[in-house]
Amino acid sequence: MKVRVRDQDTELGDKFASRHGQKGVIGMLFPKYDMLYTEEGLVPDAIINPHAIPSRMTVGQLLELITGKAGALEARYVDGTPFFKEDIEPLKVVLLKNGYAPDGTEVMYDGRTGRLFEKPIAIGLVFYQRLYHMVADKMHARATGKVQLLTRQPTEGKARQGGLRFGEMERDCLVGHGATMLLRDRMLDGSDAFTMYVCTLCGHIAWYNAKKGVYECPVHGENGDIRPVKVPYAFKLLLQEIMSMGIKPKIEVVDKTALVSRVSPLSLSKLSAAANESDNGKGGSGNGSEDRR
Ligand SMILES: [Zn+2]
């Protein structure tokens with residue numbers, strides 16, 4: 001004897017589909033007493049958004065709804081496919097004979113208020129299947145973990161304890177908000193941060209001399225000015241791939257304090273000039289004309 005037990009109860013977010021490719025997930029669960037009901041007190045198992053019908057042109061589903069209803073009323077099998085045998089007209093007559101509208105609609109009441117809905121609602125029998133994708137299996141999170149061998153970036157996918165992709169659009173959001181520290185955390189520290197040694201004189205990546213226990217520049221040898229630089233490992237890989245094609249990438253290393261002293265006088269004057277201009281320009285013509293000046 002074989003016993004099959006349902007191990008996962010249906011829940012919010014589980015995926016279902018009719019036989020017409022109308023797939024979707026459960027967006028809300030109602031207690032039965034809050035559901036809408038027909039004159040006979042019939043409560044539907046599921047409600048679908050009618051916007052799913054016109055764009056996808058799944059007329060077969062509407063046909064199934066009517067034929068299913070007629071078939072249930074007459075207690076007989078009906079061919080629900082739109083291609084063969086069954087003519088829709090006699091089925092409409094069946095509905096009419098049993099006191100229903102021929103298009104499958106019925107007057108319905110709101111389960112919460114008991115009020116009649118303004119428009120009749122299409123209700124009938126349509127076969128639905130649960131699809132394999134269930135929210136319970138989808139939950140996934142990661143702090144740190146496995147990385148790819150080549151790029152040293154986090155692996156992809158739940159099965160490999162993968163990271164959640166922080167893509168271009170997400171990056172643009174942080175850039176737009178000016179959240180630079182978070183940006184660096186996501187794109188570098190939380191991903192494939194790597195300390196690369198660079199010679200500031202020639203911009204070459206230094207290598208490690210294990211005998212002497214020092215980093216050496218391929219051009220300047222021990223005389224190079226070698227500094228550690230924190231970069232994504234994927235960036236180092238890119239540089240090496242470029243080098244493998246016979247192109248020499250050059251890394252310009254600038255001291256942060258030197259950078260400030262070098263740039264700030266000019267940028268400061270520019271900033272103050274821009275500030276003055278915006279003060280004067282209030283109530284005047286828009287930004288476009290200011291740009292042209
Ligand atoms: Zn060098």
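**View A. Just past helix 6, a glycine takes a positive phi.** Gly-246 follows directly after helix 6, with a phi of about 85 degrees. Like everything in these views, this glycine belongs to a predicted model. The helix before Gly-246 covers residues 233–244. At 1.5 Å a residue, its 12 residues should span 16 Å, and the C-alpha atoms at its ends are 17 Å apart, so expectation and model agree.

**View B. The chain is assigned three domains.** Domain 1 takes in 15–130, domain 2 takes in 148–191 and domain 3 takes in 192–255. Between the C-alpha centres of domain 1 and domain 3 there are 68 Å.

**View C. Three strands make an open sheet.** The strands are arranged in the order 2-1-7, and their pairing is antiparallel. Which strands stand at the edges? They are strand 2 (23–25) and strand 7 (128–130); each has a single partner strand, so one side of each has no neighbour in the sheet. On average, and ignoring direction, neighbouring strands here are turned by 30 degrees against each other.

**View D. Strand 1 pairs with strand 2 and with strand 7.** Strand 1 (residues 15–18) is joined to strand 2 by three bridges, and the two run antiparallel. Look for Lys-15 opposite Val-25, and for Ala-17 with its bridge partner Lys-23. Four residues separate the two strands of this hairpin, and Gly-21 in the turn has a positive phi of about 75 degrees. Strand 1 also pairs with strand 7 over three bridges, again in the antiparallel sense. There, Phe-16 has Arg-130 as its bridge partner.

**View E. Eight residues form the largest nonpolar core.** Its members are Leu-63, Leu-65, Ile-66, Ala-70, Val-78, Leu-91, Val-94 and Val-126. Two or more residues come from each of helix 2 (59–74) and helix 3 (88–97). Helix 2 gives the largest share, with four residues. Val-78, one of the core residues, is in contact with Thr-67, Ala-70, Gly-71 and Glu-86, leaving aside neighbours within four places in sequence. A second, separate core has five residues, among them Cys-199, Ala-206, Cys-217 and Ile-226.

**View F. Two residues other than glycine have a positive phi.** Most residues other than glycine have a negative phi. Ala-75, however, has a positive phi near 55 degrees. This alanine is found in the loop between helix 2 and helix 3. Is Ala-75 buried or exposed? It counts as exposed, because it has 6 C-beta neighbours inside 10 Å, and 12 or fewer is the cut-off for that class. Gln-161 also has a positive phi, of about 50 degrees, although it is not a glycine. Find Gln-161 in the loop between strand 7 and helix 4 (168–177). With 15 C-beta neighbours inside 10 Å, Gln-161 counts as partly exposed.

**View G. A proline sits in the loop between strand 10 and strand 11.** Pro-218 lies between strand 10 (214–216) and strand 11 (226–232). Because it has 12 C-beta neighbours inside 10 Å, Pro-218 counts as exposed. Which residues is Pro-218 in contact with, leaving aside its neighbours within four places in sequence? They are His-204 and Trp-207. Cys-199 is 19 residues from Pro-218 in sequence, and their C-alpha atoms are 8.9 Å apart in space. Cys-199 is also one of the residues in the second core.

Key:
Residues are numbered from 1 along each chain as its sequence is written. This is a predicted model: local features need pLDDT of at least 70, side-chain atom pairs count only at pLDDT 80 or more; totals for chains, interfaces and linings use all residues. The expected span of a helix is 1.5 Å times one less than its number of residues. Domain bounds come from an automatic or database domain assignment. A residue is buried if 20 or more other C-beta atoms lie within 10 Å of its own, exposed if 12 or fewer, and partly exposed in between; C-beta atoms are placed from the backbone. Two residues are in contact if their C-beta atoms, placed from the backbone, lie within 7 Å. A nonpolar core is a set of buried Ala, Val, Leu, Ile, Met, Phe, Trp, Tyr and Cys residues joined through C-beta atoms within 7 Å. Two strands pair if DSSP finds at least two bridges between them. Axes are lines fitted to C-alpha atoms, for helices over the stretch in contact, and angles run from 0 to 180 degrees between N-to-C directions.
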